[in-house]
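Colleague: I have a new model open in the viewer and would like to understand it before going back to the bench. Could you take me through it in questions and answers?

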Amino acid sequence: MLHLKISWLSKYCKLGFFFLNALLLTSLSFYFYQTNTIMQRFVVITIVIYLIFLLLKKYSNFKYAISILIALFCFILWRSSQNQCLNLTDRTIFKAYPDEIKIKDDWFSGVGVADGQKVLISGKISKEDQRLIKKGYPLMFFNINGDLSKIDPATNIGEFDFQKYYAAKRIFQRVKFKSFRMKMANLDWQGYCHMFRFRLQEYFMKMPRLLGFFTSELILAENNSMNNQDILNNYRDLGVIHLLSISGLHVGIYTLAVSTLCYLLKFTEKETFIFCVVVLVIGIFLSNYQPGFVRASLAYVLGKVFSFKKLKIAGIDLLGLTCLVYIMFLPRLFMGIGAILSYVLALGLQLTSKMSKLKQSVTLNLLLTPLLLVYFFQVNVLTVFFNMLIVPYFNWLVIPITFFNLIVFSRFSNLSYLFEDILEKCETVIGNISQTKIGMITFGKINWWQCLLLLALTFVFVAYLNEKVQSKKIKSKFIGTISLIYTIFFAIIHFPLIGQVTFIDVGQGDSILITTPFPRKVFMIDTGGKLNFSGRKQQPQVERITLPFLKAQGINKIDGLFVSHQDADHVGDVRALLKEIQINNIYMAQGLIKNPSFRKRVEGVIDHTKLVELLAGMQTKNNPLNFQVVYPFRAGEGKNEDSLSIFFELANKKWLFTGDLGQDGEKELIHQFPNLRVDYFKLGHHGSKTASNPEFLKIIHPELVFISAGRNNRFGHPHQETLETLKAQSIPWASTQDCGMISWYYGYFQKPKFVRFLQEGSQ
């Protein structure tokens, strides 16, 4: 039967057939899952039509097969796009596996399955239930009382989109348990597999930190502790993060090890192949179906099958066939950046296989750069050098030590600490290099058509190089054109003709970015920060929201940061921000610098930052912006009633920001500045009923007010009383709760306009 299938397949093994079909199906999947605008859909449809025309022109004898393939895949896409939603009832039972559950302090989170639907689950967990999880058995959650909701999308420019990330895994909802009961489920073959993976997780956690981290990354494709985030950051900043990804390198290691063992045991080639397939299937499961590992494993299996049947297939078509098989089973494959990078890198390796190592490395980085700018907004121009430095260390030291330690750790733990000491010294050097930020360029975020243009030009250039035509003039034109386009895109981002006032959606907190058109000046009012009622250590919000937003705009320096007062939801992340970006000046109300809480936040991280104390009547002249201080009138302690309040004008529009100033402060402010009128005003204290005063609003008479508050916050902000006040005075409002990030743009050739990240919820 297998022979018949292969014989039937052999007639399609014409150069480019599988590759073009893979491009066609990938384009169709992008149309279904990645396009959001009419222009995007038009471009993708144009590509699809061109690929269909090309296939029918080149392979007219296979028109029926091509038509069936397109129809079948469209049906698969349609079925996959029919998102089924779970209805939570008192009879709903979730099944979960311990290797897919993470516990931090007394809180658990993970993936559960109910009625055939995967759902994110989380909640507070007792010590007794934690002990039950550690037994490694499958778990049943029942008698559930909880809140079921959709997974929230990103609400800021540059923010990681968890909704899209989980949608690629066909997970669309989450349940936060208020109460539940839990018991162990019966073991089946899946339960045994997950128990084995869970035992590996526990085993790796017992290892010294670095050995446990590398073993977990190289085998399970996961970071086993947040304490290792600095290592990931170092590898990412140097442009060698791919070394920690399970990929074709690991497939090569596994198959080489198995093949060597089978050779010594005198197994036949086909028996060796079967053993390799078994090992790779286990590796795919352990890596939680990591796209790069699945791709490389499929390519190995398909390549071997063709080899056994003495069928020739070009490397580029083997990659295409691999993609076809994979995307048929997982049509949402390319919703994840990991899969996109894996396939682009694999294609690049095919196109540059005949180049020298140095030339190949440079070319591959050139191919990946547009994608890195879309998703990560920065590149390291010395990545090629760092690869030459770190790849040998990784291949000849980290990988051998990691896998050798995996075998000997349980019996020779002292040897493991010797290995750990070696790795610590090496990682310290890598960390020191990374901290210099040498070679790092915060380029900014390019949009989809810019990425497509750069990718197309780069692939054409690489294909041209592959032809080995020795025309230096044409090569120079290609290089010059690509360089010019990068320069233009860089200039557009870094020398903008528009400025902005942006209310960053930091949840229950305040953070506002203000920039001017070229020459760009950058200011911020507050940093935001999460109120921590649980006592658990949390990642600063600035790392996942504000810093990506700044990098997306190519901003790596802030001219001035205005700190309104001491509360964590306003300045809780100031330390994390100071560690990552240069801030020239911090402006604050007089007296705040003496506040012990605030001093603790900035101590040790303000070596190159000037601290400026302000009182009402003072100004900060930062051409072309002139910030006027309108409150407080006396030194304080940095409390709500001492909130630094500033007024400024942009494009003939007047803005007022008062932090968490209460109604008494507003009355004093308007008493001292009776002629104060504003166009736009950020409502005090997140829309609390304690602010703003109706008389105050009537006097300043804003045409629009803004509320910065967290979704479903425990305080109930904004309070209904405040909204009624706004309604009574016919003052429209916009909230980050509903709109996400809210931006006001103006410029030399830009008529002022508002843009809401989530196009809903404005009043």
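**Aromatic pairs, a sheet and the whole fold**

Colleague: Is Phe394 buried or exposed?
Modeller: Relative accessible area decides this: under 20% is buried, over 50% exposed and in between partly exposed (1.4 Å probe, protein chains only). Phe394 has a relative accessibility of 0%, so it counts as buried.

Colleague: What kind of model is this?
Modeller: Residues are numbered from 1 along each chain as its sequence is written, and side-chain values use heavy atoms, leaving out hydrogens and water. Local features need pLDDT of at least 70 and side-chain atom pairs count only at pLDDT 80 or more, while totals for chains, interfaces and linings use all residues; the model is predicted.

Colleague: Among the aromatic pairs, how do Phe214 and Phe394 meet: stacked, tilted or edge-to-face?
Modeller: Rings of Phe, Tyr and Trp (its six-membered ring) pair if their centres lie within 6.5 Å; planes under 30 degrees apart are stacked, over 60 edge-to-face and the rest tilted. The structure holds 57 such pairs. With 5.9 Å centre to centre and 75° between the planes, Phe214 and Phe394 are edge-to-face.

Colleague: How many residues apart are these two?
Modeller: Helices (H or I, at least four residues) and strands (E, at least two) are DSSP runs, numbered from the N terminus. Phe214 belongs to helix α8 (residues 209-220) and Phe394 to helix α16 (residues 383-408), so the pair links distant parts of the chain. Phe214 is buried too, at 0% relative accessibility. The separation of the two is 180 residues.

Colleague: Which strands do Phe503 and Phe657 bring together?
Modeller: These two form a tilted pair, 5.9 Å centre to centre with 35° between the planes. The partners lie 154 residues apart, in strands β9 (residues 498-503) and β18 (residues 653-657). Phe503 is buried because its relative accessibility is 3%, and Phe657 because its relative accessible area is 2%. The strands asked for are β9 and β18.

Colleague: Which strands stand at the edges of the seven-stranded sheet?
Modeller: Two strands pair if DSSP finds at least two bridges between them. The open sheet runs β15-β16-β17-β18-β19-β20-β21, with mixed pairing. One side of each edge strand has no neighbour in the sheet, because each has a single partner; the two are β15 (619-622) and β21 (733-735).

Colleague: Which residue stands opposite Trp655?
Modeller: Strand β18 runs parallel to strand β19 (residues 680-682), and three bridges join them. Opposite Trp655, in β19, is Tyr680.

Colleague: Which Lys has its charged end over the ring of Phe142?
Modeller: A charge sits over a ring if NZ of Lys or CZ of Arg is within 6 Å of the ring centre and within 35 degrees of the ring normal. The ring of Phe308 has Lys270 over it, 6.0 Å from its centre. Over Phe142, at 5.6 Å from the ring centre, is Lys183.

Colleague: What is the radius of gyration of the protein?
Modeller: The radius is taken over C-alpha atoms, and the globule rule is 2.2 Å times the number of residues to the power 0.38. The protein has 27 helices and 23 strands, and its C-alpha trace spans about 95 × 70 × 50 Å along the principal axes. For 763 residues a compact globule would come near 27 Å, which agrees with the protein's 29 Å.
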